[in-house]
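Please examine the two-chain model shown below before attempting the exercises. Each task is followed by a worked solution.

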Amino acid sequence: MANDEKALIRRLQTGEASAFRELVENHKRALFNLAYDLLGNATDAEVISQEAFIKVYRSIGEFRGEAQLGSWMYRIVVNLCLNRRRKKALSEMELRESFEENELHAATPTSDHAADPEKATEAEIMRRHLRRALDRLSPQQKTIFVLRHDDDLPLAEISKMLKISEGTVKSQLFRALRKLQEALVFYKADLVS
Amino acid sequence: MKSNPCKKYEDDLTARVFGDLSAADERQLQTHLTECGNCKNFLAGMDDVLGKLGAPQRPEMPEHFWEGYWHRLAQRLENEESTASDSIFARLWKGLREKWAAQPLAIPFARTAGVLALLMCGVIIGHYWWPQSNDAGRQTTQTIPPAIPVAQTRAEQWLERSQILLIGVVNEEVSVAAKPDFSHQRLVSRHLLTEAQALNRELDPVADRRILQLMNQLELVLLQIANLEAEHDLSAVELVRDGIARDGLLLKINIAELAQHAQQNVAPKKPRQKSPDIL
């Protein structure tokens, strides 16, 4: 752990208000992005990332520094997202996710195909299809995939974060990959037929 | 892929997809791949999937969202802290009641002691404070303004952001030669519409009536902006602008006035009586 981080933790543990603000300013984007990757909409991402900061604020006294502060906060966000997904009514979730998804994809042209609008649309539709398939994975599988693929976290870190063995992480990730691949194969088959 | 012979390579295949495979495992996997078409196809298929999935798409939140992040968090924390402190007293009271319930004789004793303590407090306060209380009462007839609920603050921020967006749309140069690009405005409109869904649920239909009415009007315009073609949608832009001008929306968004109105609609709290020592 870097000395700066140790000092920040010490200041947080003594209840220094400016230290908490510093922590929030340093990590707000990372926590928001992680929550967004897992939940798929900005409103929930803000709520969850703030909830995580509040949890950190309240339990910093128990933090022993065995993990990096960032990893600890990531773990809190992941757990909050998993709980939220479990609790939230499925219908509402799907409605908002699909809305958010449409908004995002509609607003983000794929730069690789910028010169060919037809190809760009095709690639975009394919990507939406895969993102939808990702949403249909089990919460654990989706979380593992997102943490590895979107947030580029090592498997060992994911295993610690979710408190499961590295072997389970690998097997869940494999299943997630298989399901995504199947989704693509079915999609292509539909196109042909 | 046949499950049995390839099962032991599943972890290696996953690690390979994400570039996590060690050199020794890579060599072993390569040997397997030379004789297993299914695993080879799996890897090729995964490259295709990940290629098509691309990098994660995250919203580019406007700078004022990040600037206000700390403020919103601090406010939320403050609200939760005050609720938590209330619940500490509730828990304490519950604990005492449970304790008394276990000792039936303690209940009448505690009640009598409580009534006596209250009487004593009343006598002491009355004795020291009564001569001054009339004047003090006159001086402190002004009610303490009620705290503005979080949803109202968020609604005000929402209105402010909508106002900025509308000003941008109204002032954008629109002509065939200028080739305006409204993709950013569309994105912001869609975020605002998503937030409006949550705010509509949280705001009080009576106390926040004016804010809700204005939000409903704005949502229609935001929906129009969200549905603009990314480029060159000149006639639709004109339609949006006409709507903004016709309804006088920019003039209606007077944040300070709305906040004041919302405050008036919240039941005012009575001022707390200060103890004689403070006075």
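The exercises below move from whole chains to single residues and then to the contact between the chains.

This is a predicted model, in which local features need pLDDT of at least 70, side-chain atom pairs count only at pLDDT 80 or more, and totals for chains, interfaces and linings use all residues. Residues are numbered from 1 along each chain as its sequence is written, while chains are lettered from A and ligands numbered from 1 in the order in which they are written.

**Exercise 1. Describe the make-up of each chain.**

Step 1. Take helices and strands as DSSP runs (H or I, at least four residues, for helices; E, at least two, for strands), numbered from the N terminus. Chain A then has 9 helices and 0 strands, and chain B has 13 helices and 0 strands.

Step 2. Apply the burial rule: a residue is buried if 20 or more other C-beta atoms lie within 10 Å of its own, exposed if 12 or fewer, and partly exposed in between, with C-beta atoms placed from the backbone. Of the 193 residues of chain A, 33% count as buried; for chain B, the figure is 19% of 279 residues.

Step 3. Consider contacts, where two residues are in contact if their C-beta atoms, placed from the backbone, lie within 7 Å. In chain A, 60% of the contacts with a separation of 6 or more involve residues 24 or more positions apart. In chain B, 75% of the contacts between residues at least 6 apart in sequence join residues at least 24 apart.

**Exercise 2. Determine which part of chain A calls for caution.**

Step 1. Use pLDDT, the predictor's confidence in each residue, from 0 to 100. Chain A averages a pLDDT of 80, and 78% of its residues score at least 70.

Step 2. Locate the low stretch: over residues 89-113 of chain A, pLDDT stays under 50. For this stretch the model has 33 contacts beyond four places in sequence.

Step 3. Draw the consequence. Where pLDDT is low, the predicted coordinates should not be read in detail.

**Exercise 3. Examine α8 of chain A and the loops on either side.**

Step 1. Begin before the helix. A:Asp152 is in the loop between α7 (139-150) and α8 (155-162) of chain A. This residue has a positive phi of about 55 degrees although it is not a glycine. A:Asp152 counts as exposed because it has 8 C-beta neighbours inside 10 Å.

Step 2. Proceed to the helix. The buried residues of α8(A) are A:Leu155, A:Ile158 and A:Met161. They cover an arc of only 120 degrees around the axis, so they lie on the same side of α8(A); the arc is that of the directions from the helix axis to the C-beta atoms.

Step 3. Continue past the helix. Just after α8(A), A:Lys163 takes a positive phi of about 55 degrees. A:Lys163 lies in the loop between α8 and α9 (166-192) of chain A and, with 8 C-beta neighbours inside 10 Å, counts as exposed.

**Exercise 4. Analyse the packing of α9 and α10 in chain B.**

Step 1. Find the geometry. The axes of α9 (residues 183-202) and α10 (residues 209-226) of chain B come within 9 Å and cross at roughly 145 degrees. Axes are lines fitted to C-alpha atoms, for helices over the stretch in contact, and angles run from 0 to 180 degrees between N-to-C directions.

Step 2. Sort the residues of this contact by class: 10 are nonpolar, 3 polar and 3 charged. Ala, Val, Leu, Ile, Met, Phe, Trp, Tyr, Cys and Pro count as nonpolar, Asp, Glu, Lys and Arg as charged, and the others, Gly among them, as polar.

Step 3. Follow one residue. B:Leu193 is found in α9 of chain B and is partly exposed, with 17 other C-beta atoms within 10 Å. Leaving aside neighbours within four places in sequence, B:Leu193 is in contact with B:Glu219, B:Leu222, B:Leu223 and B:Ala226.

**Exercise 5. Characterise the contact between the chains.**

Step 1. Count the participants: the contact takes 37 residues from chain A and 34 residues from chain B.

Step 2. Identify the main contributor. The largest share of the side of chain A that touches chain B, 8 residues, comes from α9(A).

Step 3. Classify this side of chain A, which has 18 nonpolar, 8 polar and 11 charged residues.
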